[in-house]
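These are my notebook entries on a structure that I looked up piece by piece. I set them down in the order in which I took up each topic.

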Amino acid sequence: MKTIYMDHSATTPVDPRVFSAMIPYYNDVFGNASSVHTPGQKARQAVEDARDKVAALIKATPQEIIFTTGGTEADNQALIGYMQANAHRGRHIITSAIEHHAVLDTCEYLHKQGYDLTVLPVNSLGMVEPQVLKDTMRDDTVLVSIMHANNEIGTIQSIKELAAIAHEGGAVFHTDAVQSFGKLDINVRDMGIDMLSASAHKLYGPKGIGCLYVNKKIKLAKYLHGGAQERNRRAGTENVPAIVGFGVAAQLAGDNRLESAARLTALGQRLQKGILERVPHARLTGHPSLRLPGSVSVCFEFVEGESVLLMLDSYGIAASSGSACTSGSLDPSHVLLAIGLPHVIAHGSLRLTLGHSNTDEDVDYVLDIIPKVVESLRKMSPLYANVGGVA
Amino acid sequence: MYSGKVMEHFMNPRNVGEIELADGIGEVGNPVCGDIMHIEIKVADNIIEDVKFKTFGCAAAIATSSMVTEMVKGRTLEEAERITNRTVAEALDGLPPVKMHCSNLAADALHEAIKDYMKRHPG
């Protein structure tokens, strides 16, 4: 059976062009980028070429890019590193209720370390309302961290406006752009982004590599200790093949961005519309138009998300859900609760995130299968019978 | 993640539905935590002649419901009362640890149905 992979927000396959660019750096060009000899300097050159490519994608300068092991490390370094270096200026952090746990849990950690924390609510479409941020800013607010595009519901925030409010109040602005990097147009200067986290494996690059962009005016405490790598901001021997792969992935994403976004937006809209038309008692989650290209998130009433996922999997369809069973806790996703969904609705969430491999035929197939799966689970559901569903 | 037996019961659940004029009905769980199990039984001469379930929940919730109906059909009420959530999970070759508490309530639903039957048929 063919696998129809519609979970590109979880991870993507490595693009063959990325993969072949990486291979020489595992053996032929294996030098340590810190070594002075020729093998080392070849590796150094490859790292710096990749840095140029990653920086170019967001209109940053190469010196402003710190390579990390991924989005999680970038978020940790941005938040902890900034607060440690700037605590004398103030101790208040603002973030939003729909952040990835890499930001939320790090903010909670800082809160336990004695920093003040405000977690902003979002509206029912998953937007942080600029006025709410404005009203929350205090004299001692030094850091605002709000994600660019949400991983679960796809909603895109008004980053430029939010960053301007942070700056007016004397704070710096960090954004977790793991989902949007390479997919949406990002210009850190124009948008007023001071720090930005990104990850390669969401854009057809390898896992285990990402970056933190830090505006050159910003002082950050060193995160890992033990070497002068990354301009003395992050110790550890560079993962040269992965960095090379990240560079190529960033370049390809930039080159194909408009074309890819247009295709995935059209495909995603057809999928979304089709699901809502064919499945009764279904609703879209997130913003109807300000959302990541190809990101479809819905909730089906009277069924539970993990059951939907496993049944879809039996038809070869790979998707994800924010139900409690898939979050590994007793509560459904914090994002779905933050947009005001009751628990019972949030348990029936399904996310389909499209990518390069997906075709019109895939969408047709999924639109054929989803109503069958939901209906067969509803036939088993005591909740469905109570509302007069088909018993 | 799940045993083959869990997946088999999840994909092909036994005894789904309702019983017309059921002798006992049991329901446990709640929609907030994401699991509701509803079991109906038909009893004759102290024996569970028929049993049906409806469940809202994850694969473990559906599989345990299906398994408990299979285990209990044709058994006496006393035998049925001895079935526990643990024996249901064991019959399915085990459940992931996180599922043992939240989605393993099928035996509880069965016991509620038996209790309901006893209440309706005192003595």
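Entry 1, loop residues. I looked up B:D45 and noted that it counts as exposed, because it has 6 C-beta neighbours inside 10 Å and 12 or fewer is the limit for that class. The model is a predicted one. I located B:D45 in the loop between β2 (35-44) and β3 (47-56) of chain B. I recorded a positive phi of about 50 degrees for B:D45, although this residue is not a glycine. I bore in mind that most residues other than glycine have a negative phi.

I then turned to B:N15, which is likewise not a glycine and has a positive phi of about 60 degrees. I placed B:N15 in the loop between α1 and β1 (24-30) of chain B. Is B:N15 exposed or partly exposed? I entered B:N15 as partly exposed, because 18 other C-beta atoms lie within 10 Å.

Entry 2, a helix pair in chain B. I examined how helix α1 (residues 4-11) of chain B packs with helix α2 (residues 59-72) of chain B, and found an angle of about 85 degrees with the axes 8 Å apart. I therefore described α1(B) and α2(B) as roughly perpendicular to each other. From α1(B), I listed B:V6, B:H9 and B:F10, which meet residues of α2(B) including B:A59, B:I62 and B:M67. By class, I found 7 nonpolar, 2 polar and no charged residues in this contact.

Entry 3, the domains of chain A. I noted that chain A is divided into domain 1 (4-10 + 257-386) and domain 2 (16-253). The C-alpha centres of these two domains of chain A lie 28 Å apart. I found 22 residues of domain 1 of chain A in contact with 22 residues of domain 2 of chain A. Which element gives the most to the side of domain 1 of chain A that touches domain 2 of chain A? I identified α12(A), with 4 residues. I classed that side of domain 1 of chain A as 8 nonpolar, 11 polar and 3 charged residues.

Entry 4, the contact between the chains. I recorded that this contact takes 21 residues from chain A and 20 residues from chain B. On the side of chain A that touches chain B, I found that α10(A) provides the largest share, 4 residues. By class, I entered 11 nonpolar, 7 polar and 3 charged residues for that side of chain A.

Conventions. Residues are numbered from 1 along each chain as its sequence is written. Chains are lettered from A and ligands numbered from 1 in the order in which they are written. This is a predicted model: local features need pLDDT of at least 70, side-chain atom pairs count only at pLDDT 80 or more; totals for chains, interfaces and linings use all residues. Two residues are in contact if their C-beta atoms, placed from the backbone, lie within 7 Å. Ala, Val, Leu, Ile, Met, Phe, Trp, Tyr, Cys and Pro count as nonpolar, Asp, Glu, Lys and Arg as charged, and the others, Gly among them, as polar. Axes are lines fitted to C-alpha atoms, for helices over the stretch in contact, and angles run from 0 to 180 degrees between N-to-C directions. Angles under 35 degrees count as roughly parallel, over 145 as roughly antiparallel, 65 to 115 as roughly perpendicular and the rest as oblique. Domain bounds come from an automatic or database domain assignment. A residue is buried if 20 or more other C-beta atoms lie within 10 Å of its own, exposed if 12 or fewer, and partly exposed in between; C-beta atoms are placed from the backbone.
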